[in-house]
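Hi,

Here is the structure I promised to send over. Have a look at it first, and then read on for what turned up when I went through it.

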Amino acid sequence: EEHVDDPNFLIAWQKCKAYAKQNLADHIWETQHIKINPESIYDVQAKRIHEYKRQHLSVLHIIRLYNQIKENPQLDIVPRTFIFSGKAAPGYHIAKLMIKLITSVGDIVNNDPDIQDKLKVVFLPDFNVTNSQRIYPAADLNEQISTAGKEASGTGNMKFAMNGALTIGTLDGANIEIMKEVGKENFFLFGNTTETIDEIHKKGYRPRDYYEQDEELKKCMDMISLDYFSGGQKGLFWPISDHLLNHDNYMLLADF
């Protein structure tokens, strides 16, 4: 804080961040053969793969952006690279299917000439100490979008914050502490709070209402359920879409 107005410090900070981003880009190219733009926004979600962590909500956001660019190829947006990493429990079928959805959406987005370098999607396997040391310093934006009331604390968000990433997150767990430390103006609040979630449940939460009333959401969900990203495997992602439309215990569609 003492150096925020020191131009020499700011230049040194920017160089450090640029080095970390290039280092991660090189690692992604060497291991995944995906070429990403180190000057794009690195939008990162690195944590345990779980429905309440809501990696699939980020995927819906990616599909929405993809559709917007497809409909308007001249759309002027800041290039963004979505980077996921994390592990799923061995018997957690939906979590493993979420990883498959991330990589399958990436296969379409990364190879669509209409998209160019405006969007990239990367899943980095083997999330461990070595790889996390590449990921945390490189992140520009840290996704902490677990359903409010489900995240008791959190340590990954602290590591991102200490490495200079901005946080977009629900008002939950350690996000609350981070917001107090960095100031509300530097924290990007997302989604329903525990209070508004309680209100929605009291009225009766029907995820299909959100699906039927939001054309963009409906298109994104239909692309998942109707095999746009399935690579010829009919019904591959039906368990995800079916669960969201008929149960949605973690309120993805309400927060879309």
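Below are my notes, going from the whole chain down to single residues.

First, a caution: this is a predicted model, so please read everything here in that light.

**The whole chain**

The protein comes to 11 helices and 6 strands. Along its principal axes the C-alpha trace spans about 55 × 45 × 40 Å. How does the radius of gyration sit with a compact globule? For 256 residues such a globule would be near 18 Å, and the protein has 18 Å, so the two agree.

Buried residues account for 48% of the 256 residues. Of the contacts between residues at least 6 apart in sequence, 70% join residues at least 24 apart. On the outside, the protein exposes about 13300 Å², with carbon and sulfur atoms supplying 52% of that area. As for charge, there are 28 positive and 36 negative ones, and their mean positions are 4 Å apart.

**Helix α1 and the loop after it**

Helix α1 runs over residues 7-32. It has 26 residues and reaches 37 Å from its first C-alpha to its last, close to the 38 Å expected at 1.5 Å a residue. Its buried residues are Lys17, Ala20, Lys21, Leu24, Ala25, His27 and Ile28. You may want to look at the two lysines in that list, Lys17 and Lys21. The buried residues of α1 pack against β1, β2, β3 and α4 (129-138).

His27 is one of the residues of α1. Its relative accessible area is 12%, and since buried means under 20%, His27 counts as buried. Setting aside residues up to four places away in sequence, His27 touches Gln32, Leu124, Asn131 and Arg134.

A second histidine, His33, is found in the loop between α1 and β1 (41-46). Is His33 buried or exposed? His33 is exposed, with a relative accessible area of 59%. His33 also has a positive phi of about 55° although it is not a glycine. Most residues other than glycine have a negative phi.

**Helix α3 and what packs on it**

Helix α3 covers residues 93-110. Its 18 residues reach 25 Å from first C-alpha to last, close to the 26 Å expected at 1.5 Å a residue. The buried residues of α3 are Ile94, Ala95, Leu97, Met98, Ile99, Leu101, Ile102, Ser104, Val105, Gly106, Val109 and Asn110. What do they pack against? The partners are α2 (55-71), β2 (80-85), β3 (119-124), α9 and α10. Strands β2 and β3 also turn up as partners of the buried residues of α1.

Ser104 is a good place to zoom in on α3. At 5% relative accessibility, Ser104 counts as buried. Leaving aside neighbours within four places in sequence, Ser104 is in contact with Phe229 and Phe237.

**Phe229 and the loop between α9 and α10**

That brings us to Phe229, which sits in the loop between α9 (215-225) and α10 (238-246). Although Phe229 is in a loop, it counts as buried, at 3% relative accessibility. Not counting residues up to four places away in sequence, Phe229 touches Ile63, Ser104, Val105, Ile108, Met223, Ile224 and Phe237. The C-alpha atoms of Phe229 and Leu101 are separated by 7.6 Å, while the two residues are 128 residues apart along the chain.

The loop between α9 and α10 holds Asp227 as well. Asp227 counts as partly exposed, at 24% relative accessibility. Asp227 is not a glycine either, and has a positive phi of about 70°.

**Asn142 in strand β4**

One last residue to look up is Asn142, in strand β4 (residues 141-144). How much accessible area is left to Asn142? Its relative accessible area is 0%, so Asn142 is buried. Apart from residues up to four places away in sequence, Asn142 touches Val44, Asn157, Phe160, Ala165, Leu166, Thr167 and Ile168. Pro38 is 104 residues from Asn142 along the chain, and their C-alpha atoms are separated by 16 Å.

That's the lot from me; happy to go through it together.

Cheers

Technical notes: Residues are numbered from 1 along each chain as its sequence is written. This is a predicted model: local features need pLDDT of at least 70, side-chain atom pairs count only at pLDDT 80 or more; totals for chains, interfaces and linings use all residues. Side-chain values use heavy atoms; hydrogens and water are left out. Helices (H or I, at least four residues) and strands (E, at least two) are DSSP runs, numbered from the N terminus. Buried means under 20% relative accessible area, exposed over 50%, partly exposed in between (1.4 Å probe, protein chains only). Contact means heavy atoms within 4.5 Å. The radius of gyration is taken over C-alpha atoms; the globule rule is 2.2 Å times the number of residues to the power 0.38. Accessible areas come from the Shrake-Rupley method with a 1.4 Å probe; for residues, only the protein chains shown count as cover. Lys and Arg count as positive and Asp and Glu as negative; His and the chain ends are not counted. The place of a charge is taken as NZ of Lys, CZ of Arg, CG of Asp or CD of Glu. The expected span of a helix is 1.5 Å times one less than its number of residues.
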